[in-house]
Amino acid sequence: MNWIDYTIIVVYLLGFLGLGYLFKENKNSSDYFLGGRSMGWIPLSLSTMATQLSAVSFISAPAFVGIKDGGGLQWLTYEFGVPLAMAFLLIAIIPSLYKAGIVSVYEYLERRFDASSRLLISFVFQISRSVATGVMVYTMALILQATTGIDFWISVLLIGIITLIYSFQGGMKAVIWGDVIQMLILFVGIIICLSYGLSALGGIDNFLTQVDGDRLTAVDFSKWGFNNADGKDEFGFWPMVIGGFFLYASYYGTDQTQTQRLLSAKGMPTIKKLLLANGLFRFPVTLTYCIMGLVLGTLLVTDFGFQEQITQVYEANIGSLEGKKADLMVPIFIVKYLPNGIIGILLVAIMSAAMSSLSSTVNSLSAVSLEDFIKRFKGNLSDKQYVQYSRYLSVFWGLVCLFFAFFAGSIEGTVIEVINKISSIFYGPILAAFILALLTKRTHAMGANIGIIAGVLLNMYLWLYVPEVFWFWWNAIGCVVTIVIAYTLSLLVPMKTKEGVSISYVESKKEIAILLGYFILIVVVAIGLKNFLI
């Protein structure tokens, strides 16, 4: 790195400080947390994808595809459940939540069940999301330190403080437009890495000649994920489609970080376009960074200097990077193969992706803390008080995430898998709570709460004591177990139930047909990739 790279980083960080100032006028809860419900589908779509395509995806997913044992293009199966989940949300979940006029998505659970259900899920969300985000910032800061020499604590503070300032000032509008900028930078970064990687290999023909053919198989119908103690029964078609459906339905439909974007939309036509865009555009983006992973992995095999540099950095930082050697591939490539100036842009891409995830987390955690807890004890707040509390909570949750970043400790495996495992413990039971609230009338609060707790405890048990079950299944298992226990208890122990709000449906036959057709298309494309690339 030289002065050009540092200048690019400084200009970028100063620009984001200005972004917060640009959107500093927030008059009430709708302004600060929902952008005044004025956002169009294009910025919301890019914002959603930016949060999903985080620094972890930019660094860890290509490492899985390119060099991790058992990796390869089977990473594409992560995307199979997305269009199916978008179709389900469009039919069953999102219209009712949007028309309820809520800020915290968990408020709906109180309207349907009682305060205990709302507070339980909200508390689970706050703990799991802050820990997972802290782990992400921790890992990115470690990798930046190992590859560029930027001290760990400086990386954490740069990512954290800049994000806190523009989130504090601008609220949801700053978060969304910041995500749009970060998404564009990140995608440009992927294209740059892909282009320079192909150039270093001598072109596309050389890449296709040298690429490991075993990594080109994307779809495996023989793996069911129930004999996974050795890690070789992962990423089969059925666990990825079924487990992925439950994971993404929960992530996009019940996780405050994503639902808050849906609730920020101008209206249901915007939401329909947003869900359709998420269902259609994720696969091409994922395919692009998977191909980048194949290219860099092939370059690593053919360039002993590349291998040696990764090994040197890993051994010099073994105490902090143990188990994450693969995650060094992309950042080492950046500093080894790219010219000054481009290095700065790519480091900005890594930092911007981390900032995107952190800003979304901070804003959503602030929203649920204020709506689900503070307002309960403080009573009605004036608009001025509401915005003040919102900003103070943004700072508080930002500091909590940075605390976890400083003390996250050692994690085994590529970090993207670890973060997804943490989330998959909770996603299924949380989705079940909303399905019970929206689609059943006889389920009561006690049954729902016991079902949620049982689903989470079962998933934790599977993680700790049943490694044979691939973690993608936890999303489906946790959801089904929660529904069965909650509904059974509600039938066995009759109690008075609440109606909640009216169920809303939106005419979406065209969108549903497109999403289902697209699911078939991406499966066919993934199956045919090996023949196309060989």
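**Exercise 1.** Explain why Cys193 forms no disulfide in this predicted model.

*Solution.* Begin with the criterion: a disulfide is a pair of cysteine sulfur atoms within 2.5 Å. Next, take the closest cysteine sulfur to that of Cys193, which belongs to Cys290 and is 14 Å away, too far for a bond. Finally, extend the search to the whole structure, where zero disulfides are found. This is a predicted model in which local features need pLDDT of at least 70 and side-chain atom pairs count only at pLDDT 80 or more, while totals for chains, interfaces and linings use all residues. Residues are numbered from 1 along each chain as its sequence is written, and side-chain values use heavy atoms, with hydrogens and water left out.

**Exercise 2.** Determine whether Thr361 is buried or exposed, and identify its contacts.

*Solution.* First, locate Thr361 in helix H16 (residues 342-378); helices are DSSP runs of H or I with at least four residues, numbered from the N terminus. Second, apply the accessibility scale: buried means under 20% relative accessible area, exposed over 50%, partly exposed in between (1.4 Å probe, protein chains only). Thr361, at 3%, is therefore buried. Third, list its contacts (heavy atoms within 4.5 Å): beyond neighbours within four places in sequence, Thr361 touches Arg129, Thr133, Thr257 and Cys401. Cys401 is itself buried, at 0% relative accessibility.

**Exercise 3.** Describe the burial of helix H21 (residues 509-533).

*Solution.* Start with the buried residues of H21, which include Leu515, Tyr518, Phe519 and Ile522. Then identify their cover, which includes helices H5 (81-99), H9 (204-210), H10 (237-254) and H12 (268-302).

Note on methods. Helix = DSSP H or I, 4+ residues; strand = E, 2+ residues; numbered from the N terminus.
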